[in-house]
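Trainee: I'd like a close look at one part of this model, namely how helices pack against each other. Please give me the geometry and the residues involved, and then the surroundings.

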Amino acid sequence: MNKEAPLSIAERDFILNALREDVRLDGRQADQFRPLNVSFGEEYGHVKVQLGKTSLIVRISSEVTKPHDDRPFDGIFTIALELTAMGSPAWENGRQGDLETYVSNVLDRVIRHSNALDTESLCVLKGVSCWNVRADVHITDYDGNLIDAACIGVMAGLQHFRRPDAVVKDGQVIVYGVDERVPVALNITHKPLSVTFHTFDEGKRVIVDATRKEEQASEADVVMGLNNAGDVCYLSKFSGSPVSAMVFVNKSSVALEKVKEINGIIDKALQADLAKRAKGGLMEESRATNDR
Amino acid sequence: MASPLILLPGDEVPSEYLPSSNSAPLRLGAGLRLLSQPSAISPSHVISATQPGLLSTDNKRNAVSILSTPNRRYVPTPGDLVIAQIHHSSPDYFHCMITPQAPQALLGQLSFEGATKKTRPMLKQGDLVYARVLSTGLGAGAEVELTCVNPATGRADGGLGPLTGGMVFDVSTGLAARLIKASSSSGEQQDGVAGLVVLDELGKKLEKAGGFEIAVGRNGKVWVDCANGGDYAVKATVAIGRCLSTIDEHELSSTDQRKLVTRILRDMKIES
């Protein structure tokens, strides 16, 4: 029972025939994303992402722990993603499917291994204590393109999150509560995002942001991870039929354009949230100057 | 006619809301269940709702059913029209999926119009059929049985049978029920039946593009085909799908539905 519903023959044929005429089921262009909405919750690092009908919630949290023995100067950053029955009836709780491993792996590579979060800045006291930042991704509805949506969520969360301030005094680590000292933003080195392409018709038709039905009808997928500067930090093609190398070359400019566009949306949402918090927030209270 | 009545699961249907004619037997539709026959204790039927929704009565057909809210879950009820997908076949039955993650339903190899052992349709995995729910069984492990013929006449009424070509769109079960209601009852009404004018409007506008064929399954699937559409076939099909899913997402009034149809057809560059 825990299987994605297979497409019927009629649906598969129709999606392919429509793409041959450059028509997608929701009337989008081949390189157009679905409407993206990023919103933030009450607390820092609580993000809701809605990409078409795919929606997820990312929660960033932090705690002080002991660093790994082999890396005494580094903090710890983990991304936890679990596909639960909450997201789709095709997923079962506690059983890891292929999709879950795949998405977790891509997230790890695009965000963690590209050092988007500077883990050295998470060190509090060498070899004794550091911050452990954890990103939990909860999928609440699934209609394709989980990878890009999850990437958007985690990156927006990292930029939104504020960890409590901690200082070292006489070899003792003191962590101040969020109401004692203004919490500190994380040190983000760059903002990588992934763009997933799906290919049809022996690699002749390439689309971005596929829905679940389009994903199922496709032959192969290609994931690119880039940042605003156009540095490619991740590129993968795990399975499916072969794709010509020129597709990668041609589509990387599309991917860059999309990454800039999405980063723009995230920045706008962050600024709007910041402006909302600035009114009557802790920042206001703790400022030395007053209106007079 | 009394005011509209909203029922919650477990609520009894008041007898004054039931169709009054006694000539034909009362037909119960989706979302209702007969709890007890008339007896010495209670003089009338006790019928209770199994789903939340608006009670709708059809005096002409002496039928009563629940117009459910736009939810996603479909519970098979005998008499429902559904679009099922063949999963695999065994010597006697085709095993079909009505909803993907639910147990499969059975469709007899011979329950097609004019089917004999030699002329029965050869359906393979992934084919679609338009079928009627024959029985749902009782108790645990009960199997849902489908049929593509009217058991009384042996004919495939209302286009039952295999669906070839076209495209299937997913809608909520509530919208599917409204679509069926709108298409089954004739008679021109200004606001359409069940508040839906979209199909009439699309029919008018797409007449020039060859018209379209549509089959609505109560399980929230709508099959659309524009076989005569020529160059417009794909675009017209996509346009119909987009209209339906937009109406499903935002409850639109009849004027908004008309506007939506015009906008989407223009967007898809279809002449009307």
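Mentor: Let's settle the ruler before using it: an axis here is a line fitted to C-alpha atoms, for helices over the stretch in contact, and an angle runs from 0 to 180 degrees between N-to-C directions. Helices are DSSP runs of H or I with at least four residues, strands are runs of E with at least two, and both are numbered from the N terminus. Keep in mind that this is a predicted model, in which local features need pLDDT of at least 70 and side-chain atom pairs count only at pLDDT 80 or more, while totals for chains, interfaces and linings use all residues. Residues are numbered from 1 along each chain as its sequence is written, with chains lettered from A and ligands numbered from 1 in the order in which they are written.

Start with α3 of chain A, residues 146-160, and its packing on α5, residues 245-278. Their axes sit 11 Å apart at an angle of about 35°. α3(A) passes α5(A) in a right-handed crossing (the near helix is turned clockwise from the far one by less than a right angle; anticlockwise would be left-handed). On the α3(A) side you'll find Ile152(A), Met155(A), Ala156(A), Gln159(A) and His160(A), and they meet Ile262(A), Ile266(A), Leu270(A) and Asp273(A) of α5(A). Contact here means that C-beta atoms, placed from the backbone, lie within 7 Å. Sorted by class, that patch has 6 nonpolar residues, 2 polar and 1 charged (Ala, Val, Leu, Ile, Met, Phe, Trp, Tyr, Cys and Pro are nonpolar; Asp, Glu, Lys and Arg are charged; the others, Gly among them, are polar).

α3(A) also packs against α2(A), residues 98-112, where the axes come within 10 Å and cross at roughly 45°. The pair is therefore oblique, a label for angles that are not under 35 degrees (roughly parallel), over 145 (roughly antiparallel) or 65 to 115 (roughly perpendicular). This crossing is right-handed. α2(A) brings Val103(A), Val106(A), Leu107(A), Val110(A) and Ile111(A), while α3(A) brings Leu146(A), Ile147(A), Ala150(A), Cys151(A), Val154(A) and Met155(A). The class count is 11 nonpolar, with no polar and no charged residues. Met155(A) takes part in both of the α3(A) contacts.

Now look at the loop between β6 (129-141) and α3 of chain A, where Asn145(A) lies. Asn145(A) isn't a glycine, yet its phi is positive, about 50°. It counts as buried because 25 C-beta neighbours fall inside 10 Å; the cut-offs, with C-beta atoms placed from the backbone, are 20 or more others within 10 Å for buried, 12 or fewer for exposed, and partly exposed in between. Asp201(A), another non-glycine, has a positive phi of about 55°. Its home is the loop between β11 (193-200) and β12 (205-208) of chain A, and with 12 other C-beta atoms within 10 Å, Asp201(A) is exposed.

Chain B has a helix pair to set beside these. α2(B), residues 198-205, and α4(B), residues 254-267, have axes that come within 9 Å and cross at roughly 40°, so they too are oblique to each other. α2(B) passes α4(B) in a right-handed crossing. Val198(B), Glu201(B), Leu202(B) and Lys205(B) meet Gln257(B), Arg258(B), Val261(B) and Leu265(B). That contact divides into 4 nonpolar, 1 polar and 3 charged residues.

The two chains also touch each other, using 19 residues from chain B and 17 residues from chain A. On the chain B side, β13 (167-170) and α3 (233-249) each supply at least two residues, and α3(B) gives the most, with 5 residues. That side has 9 nonpolar, 6 polar and 4 charged residues.

Finally, step back to the whole chains. Chain A has 6 helices and 14 strands, and 35% of its 292 residues count as buried. Chain B has 4 helices and 15 strands, with 37% of its 272 residues buried. The C-alpha trace of chain B spans about 65 × 50 × 35 Å along its principal axes, and the C-alpha atoms of chain A fill a box of roughly 70 × 50 × 40 Å.
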